[in-house]
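This briefing goes through a few local features of one structure, grouped by topic. The sequence and structure come first.

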Amino acid sequence: MGYIVAFLSQKGGVGKSTLARALACEASKGGLSVKVADLDTQQGTVTNWHRQREANGFDRIGSVETFGKAKDALKNADDFDMLILDGAPRASSATSDIAKVADLIILPSGASRDDLIPTVLLAHELSKKGISPKSFAIALVRVSTESEIRDAQEYIQISGYQLLSGYLPEKPSYRQAQNDGLAVTETRFASINEKAKELIQSIIDTLTK
Ligand SMILES: Nc1ncnc2c1ncn2[C@@H]1O[C@H](COP(=O)(O)OP(=O)(O)OP(=O)(O)O)[C@@H](O)[C@H]1O
Ligand SMILES: [Mg+2]
């Protein structure tokens, strides 16, 4: 069985699908066979994006499919080096089912307390359900200033959960790239691609260490 990485959150719109897509692209470019399970059946964000990617003829990533349940996503997952699970906008009983099967659970969060508090609460809740606190890693996304990054880093350090190194700055060009079927590591701007790559690399490093 390969690596299983899940992207989960309590709040919607925090950057799960954004990071799931970027991880799928970078892992594929690194030579891994990747399967993405889009567990957001209502929105199908990654599935739609993948269709756009294929239509535009960009570098192929492995398989992208929608699944209603984490258990179904695991079928035939043995054929892949990495299974990426993109969760739905809200935490539910499905969230803990997804967390249970993952080797690493990425919790994307903005830098505001409004984003950080639900992120840490979700990690606490899942820990109470028997998920190891060590399996969580918080990813800082949509951040703007050095001071808000420092403040968020301090808050996360106090929470005791792991923080991934790097962060995703707030950039309209990330949205533009994703509109076209590209990942945040594949925009027209090398410097912001590097920022995204650093964060994604830290997911890969955490998985493989
Ligand atoms: N760093 C960023 N800069 C600018 N826009 C961003 C950034 N990260 C994400 N976005 C945009 O924010 C929106 C939400 O991101 P995304 O879809 O990845 O979140 P999500 O957690 O998967 O949402 P949902 O809970 O609805 O599934 C998208 O429009 C995305 O393009
Ligand atoms: Mg999503």
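The side chain of serine 202 comes within 3.2 Å of the backbone oxygen of serine 165. This is a predicted model, and every value below is computed from it. The points cover helix α8, the surroundings of ligand 1, and the backbone at arginine 142.

**Helix α8**

- Serine 202 belongs to helix α8, which spans residues 190-208.
- Serine 202 has a relative accessible area of 5%, and because the cut-off for buried is under 20%, serine 202 counts as buried.
- Asparagine 193 is also placed in helix α8.
- With a relative accessible area of 9%, asparagine 193 is buried.
- The C-alpha atoms of asparagine 193 and tyrosine 174 are 8.9 Å apart in space, while the two residues are 19 apart in sequence.

**Where ligand 1 sits and what surrounds it**

- Ligand 1 occupies the largest pocket.
- Three elements each give two or more residues to the shell around ligand 1: α1 (16-29), β8 (168-169) and α7 (172-179).
- There are 18 residues around ligand 1, and those that come nearest are Gly13, Lys16, Thr18, Arg142 and Pro169.
- By residue class, the shell around ligand 1 holds seven polar, six charged and five nonpolar residues.

**Polar contacts to ligand 1**

- Threonine 18 has a side-chain N or O atom 2.5 Å from an oxygen atom of ligand 1.
- For lysine 16, the distance from a polar side-chain atom to an oxygen atom of ligand 1 is 2.7 Å.
- Glutamine 178 places a polar side-chain atom 3.3 Å from an oxygen atom of ligand 1.
- On its own, ligand 1 has 630 Å² of accessible area, of which the protein covers 85%.

**Arginine 142**

- Arginine 142, one of the residues that come nearest to ligand 1, is part of strand β6, residues 136-143.
- Its relative accessibility is 46%, so arginine 142 counts as partly exposed; the class lies between the cut-offs of 20% for buried and 50% for exposed.
- What is the sign of phi at arginine 142? Phi is positive there, at about 55°, although the residue is not a glycine.
- For comparison, most residues other than glycine have a negative phi.

Terms used
Residues numbered from 1 in each chain as written. Chains lettered and ligands numbered in written order. Predicted model: local features only at pLDDT ≥ 70, side-chain atom pairs only at ≥ 80, totals over all residues. Heavy atoms only, no water. Near = heavy atom within 4 Å. Polar contact = N/O pair within 3.5 Å; in protein donor to acceptor, adjacent residues only side chain to side chain. Areas by Shrake-Rupley, 256 points an atom, 1.4 Å probe, with all protein chains shown as cover. 1 Å grid on protein atoms, 1.4 Å probe; cavity = no way out; pocket = protein on both sides within 12 Å on 5 of 7 lines; lining within 4 Å. Sits in = over half its atoms within 2 Å of the grid points. Helix = DSSP H or I, 4+ residues; strand = E, 2+ residues; numbered from the N terminus. Nonpolar A, V, L, I, M, F, W, Y, C, P; charged D, E, K, R; others polar. Buried < 20%, exposed > 50% of the residue type's maximum accessible area, 1.4 Å probe, protein only.
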